[in-house]
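Good morning, and thank you for coming. I would like to take you through one protein chain, beginning with its charged side chains and ending with some residues in its loops.

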Amino acid sequence: MDKTNHTLRGVLTSLLMFCSFYIIAADIYSISGRVTDNETGEPLIGASITYGQSMGTVTDTDGKYTLQASSGDGKIACSYIGYESIVRSIQLSSDTIIDFSMLTSTNELSDVVVLAKSVTDRVKSTQPGMERIDISEMAKTPVIFGERDIIKSLQLLPGVSAEGDGTGGFQVRGGTPSQNLVLLDDAPIINSGHLFGFFSTFNDEALASATLYKGQIPAKFSGATSSVFDVSTKSGNQDKYGGMFSIGLLSAKFDIAGPIIKDKLSFSASARRSYMDMFLKFTDQFKDNSLYFYDINAKINYIVNYKNRLYVSFFVGRDNLGMSDMMNMQWGNIATTVKWYHIYNDVLSSNLSLYHSNFVNDMGMQVTSEDDNMTGHLKQTGIKYVFSWNPDESHRADFGFYTALMDLKSAEWIIGPTRQRELRRSWESGIWINDDWAINEHFHIMGGLRLGMISALGGSPYYQINSDGAITDTYNPKKGHLFKTYFSLEPRLSFNYQITDLQSVKVAYCRSSQNIHAIRSTGSSMPFDRYAMTSNIIKPQTADQISAGYVALFGNSKWEVSGEAFYKSINHIYDYKDGKSFNSEIEIERLLLGGKGRAYGLELTLRKNAGRFTGWVGYTLSWSQNKIAGINNDKWYTAGNDRRHDISVVGIYEINKNWNISGAWVFNTGQALTAPSAKYEVDGIHMFHYTERNGYRAPSYHRLDLSATYTHIGKKLTYEWSFGIYNAYSRYNPFLIVFKSDENAPSRFKTMKYSLFGLVPSVSYTLKF
């Protein structure tokens, strides 16, 4: 009997405990919502949400948050740098949705240090080498040619450098511009510059956010062995209209956004055009020439309901350079993205993107009595499905898949009566999973794994090529047939140990791959570089990078110091054979040799983040080398993109609430180049003999840019005057270096250096409403 009673008491106790647990569990509810900017309607990434004394989280890339709390009365607060905090009292008795629309702060803080989100990211983010570009802070860097240029702002960061004047690319940690993946609303953009890089492809007025990944790249990204630059455009305010118009010496632009159906459907549209060609019309010598660019951004944001949003974005950018009837060059991008954002429940959401991008180039010239024309394109059409799982504020994961068709016309030449072209197509896919986990307040870990596949498709000829570059066999697989397939497994792992709230140590490893290779004829990327795609001969390029860094805030968090070291090993680097150039043969694989590369270095930065005077000093010491059998006697040689020393000094001073002045000085080691080592004569023609690849250096590159901006904020209208000086001390940096025979000394040659610009002033006027 006692045993029975004891058993019964045990059962009843267990039942009561279970019921108590059930009752307690039933009192746990979710609070979720979105945080947006009241003026633009754009989501605020990383806004802080707190409930009660101990519960909190931050918003994701769509401004969404979720947290769990017990039933009862409480207060929920939302705060974000540069915005007025919001506190609301709620009575939690069921799952609740609370959205926040935040107003820009108008308080002038003198003794309180306010840090941008990009600053706190550098301390708290699990990923080393991640730079979130603060669009509002970017507006304070020097205004060049009347434009706030996100690419030029990017080039001022440690580990990032410009190729030089007249180029649109940027180099990251010893990589080439073609090793960067540039995304605009998930669509790939090729050659991210206008007028050979004097203007960025991106109109700053159209941008909402931008993030550069140069260390550990999240597993959802593929197609780059150097970096990923992820850019998003504005979607438009759901409540009210706003816009701007700007005119400068070289270009004009406008932006307008607002509701089509209030709180349901909104739009954003931006356009920009240069008009240097209009000035040429007033000259007799150049009146028949053309030199201009234009770009258009448009986006529609449709709120189907709280759980579903639909975005449609469009971009077109085009450049045109023509010299009378002698030459005409056109190039540019067209990109379209349709994105569906869906919330399944409090912890699971997804982003489905369908995109198409097309980069085209077209160059025609008249040689003697014949018209020659060279064209090319790279089309990419794909689907990307990303699922985000956020079970709590300390655990975030995403997983998904990606598939795309790529269509490459490496070149098409019409030279007199001769016509040749090379077309290739491929199918690329991948699946991934990525997990960011805050184990405790000090230790964070992010791990990811990506499985990629690339298949060269039939419909075009493939070859076998011998060591002399001659075709020994040709294959003609049927259109759509999987001719050659490669798989790649890409692990990615990083750790962040926060020593205190103000300092952290980070370590990361990342393997990445890409299947599009830009082969450069010169030391800098150009719109007419030839592209090669993975085939039976050209292998996928893979890179393994390890990095370790330290970042700390001090001086009441006004100052920041950071350092990061990296080493990167790259397989399947391709370069032109000695004596070959982009137009030697139509079959690009006959021109190339493959090997390996390496890049390593150290990045050091000192920043002042708060106060009237802000800015930073960045220094990068790095090496970039290649080793390819058949080039440079099979020895390691300096890569054309090697920049041994790179220095950026940026200063921004707010004189008062109206005036802001800024300056930026940049220095980098001159470009590595191949110079002739001897000269000889064949049938009366002088020939050069080359030995060491990239064994010489161009003169160092350096310049100073200055700008001053006056801003008047009115009740309804805001206007702004921007004055700038590009290359303030008129340094004539090398744009092109060529070697010619010396007529006065038959056994010698002479070096000719060409520069583009000295000092260039600019002024622009902007009106915002």
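Let me begin with a term: a salt bridge is a side-chain nitrogen of Lys or Arg within 4 Å of a carboxyl oxygen of Asp or Glu. With that in hand, a search of the whole structure, which is a predicted model, gives 24 salt bridges.

Before turning to individual pairs, a word on the overall fold. The protein has 769 residues, and 53% of them count as buried. Its secondary structure consists of 5 helices and 50 strands. Among contacts with a separation of 6 or more, 63% are between residues 24 or more positions apart.

I now come to the salt bridges themselves. Side chains of opposite charge can pair when their charged atoms come close. One such pair is lysine 299 with aspartate 185, at 3.8 Å from N to O. This pair links distant parts of the chain, 114 residues apart: lysine 299 belongs to strand 21, residues 290–305, while aspartate 185 sits in the loop between strand 12 (180–184) and strand 13 (187–188). Both lysine 299 and aspartate 185 are buried.

A further pair is formed by aspartate 186 and lysine 339, with an N to O distance of 3.4 Å. Here aspartate 186 lies in the loop between strand 12 and strand 13, and lysine 339 in strand 23, residues 327–343, so the pair links distant parts of the chain that are 153 residues apart. Aspartate 186 and lysine 339 are both buried.The third pair I have chosen is glutamate 603 with lysine 214, whose side chains meet in a salt bridge at 3.2 Å, N to O. Glutamate 603 is in strand 37 (residues 592–608) and lysine 214 is in the loop between strand 16 (207–213) and strand 17 (227–233), so this salt bridge ties together parts that are 389 residues apart in sequence. Glutamate 603 and lysine 214 are buried as well. Salt bridges with shared partners join Arg173, Lys214, Glu564 and Glu603 into one network.

Which buried lysine has no salt bridge, and what is the nearest side chain of opposite charge? The residue is lysine 384, and the side chain in question is that of aspartate 186, 4.6 Å away. Because a salt bridge has to fall within 4 Å, that distance does not qualify. Lysine 384 is part of strand 25, residues 370–392. Its side chain reaches the backbone oxygen of lysine 220 at 3.2 Å. Leaving aside residues up to four places away in sequence, the residues that lysine 384 touches include Phe221, Asn351, Tyr402 and Trp432.

Next, the empty space inside the protein. Rolling a probe the size of a water molecule over the atoms shows where empty space is left. How many cavities of 30 Å³ or more does the structure hold? There are 15, and the largest cavity contains about 570 Å³ of space. Its lining is made up of 36 residues, and Asn180, Leu181, Val182, Ile190 and Gly223 are the ones nearest its centre. Strand 12, strand 25, strand 26 (395–415) and strand 33 (516–519) each give two or more residues to this lining. Strand 12 gives the most, with 4 residues.

I shall close with three residues in loops. Serine 535 is located in the loop between strand 34 (530–533) and strand 35 (541–554). Is serine 535 buried or exposed? With a relative accessible area of 0%, serine 535 is buried. The side chain of serine 535 makes a polar contact with that of glutamate 589 at 2.5 Å, and also reaches the backbone nitrogen of isoleucine 537 at 3.2 Å. Apart from residues up to four places away in sequence, serine 535 touches Arg424, Ala456, Tyr462, Lys484, Tyr486 and Glu589. The C-alpha atom of serine 535 is separated by 8.8 Å from that of leucine 457, although the two residues are 78 residues apart along the chain.

The last two residues concern the backbone. Most residues other than glycine have a negative phi, and most peptide bonds are trans. Arginine 173, which is not a glycine, has a positive phi of about 50°. This arginine 173 is a member of the salt-bridge network I described earlier. Arginine 173 is found in the loop between strand 11 (170–172) and strand 12, and is buried because its relative accessible area is 2%.

Asparagine 727 likewise has a positive phi, near 60°. Asparagine 727 occupies the loop between strand 47 (718–726) and strand 48 (736–741), and its relative accessibility of 1% means that asparagine 727 counts as buried. Thank you for your attention.

Terms used. Residues numbered from 1 in each chain as written. Predicted model: local features only at pLDDT ≥ 70, side-chain atom pairs only at ≥ 80, totals over all residues. Heavy atoms only, no water. Buried < 20%, exposed > 50% of the residue type's maximum accessible area, 1.4 Å probe, protein only. Lys, Arg positive; Asp, Glu negative; His and termini not counted. Polar contact = N/O pair within 3.5 Å; in protein donor to acceptor, adjacent residues only side chain to side chain. Contact = heavy atoms within 4.5 Å. 1 Å grid on protein atoms, 1.4 Å probe; cavity = no way out; pocket = protein on both sides within 12 Å on 5 of 7 lines; lining within 4 Å. Points joined across faces, edges and corners; volume = space filled by probe spheres on them.
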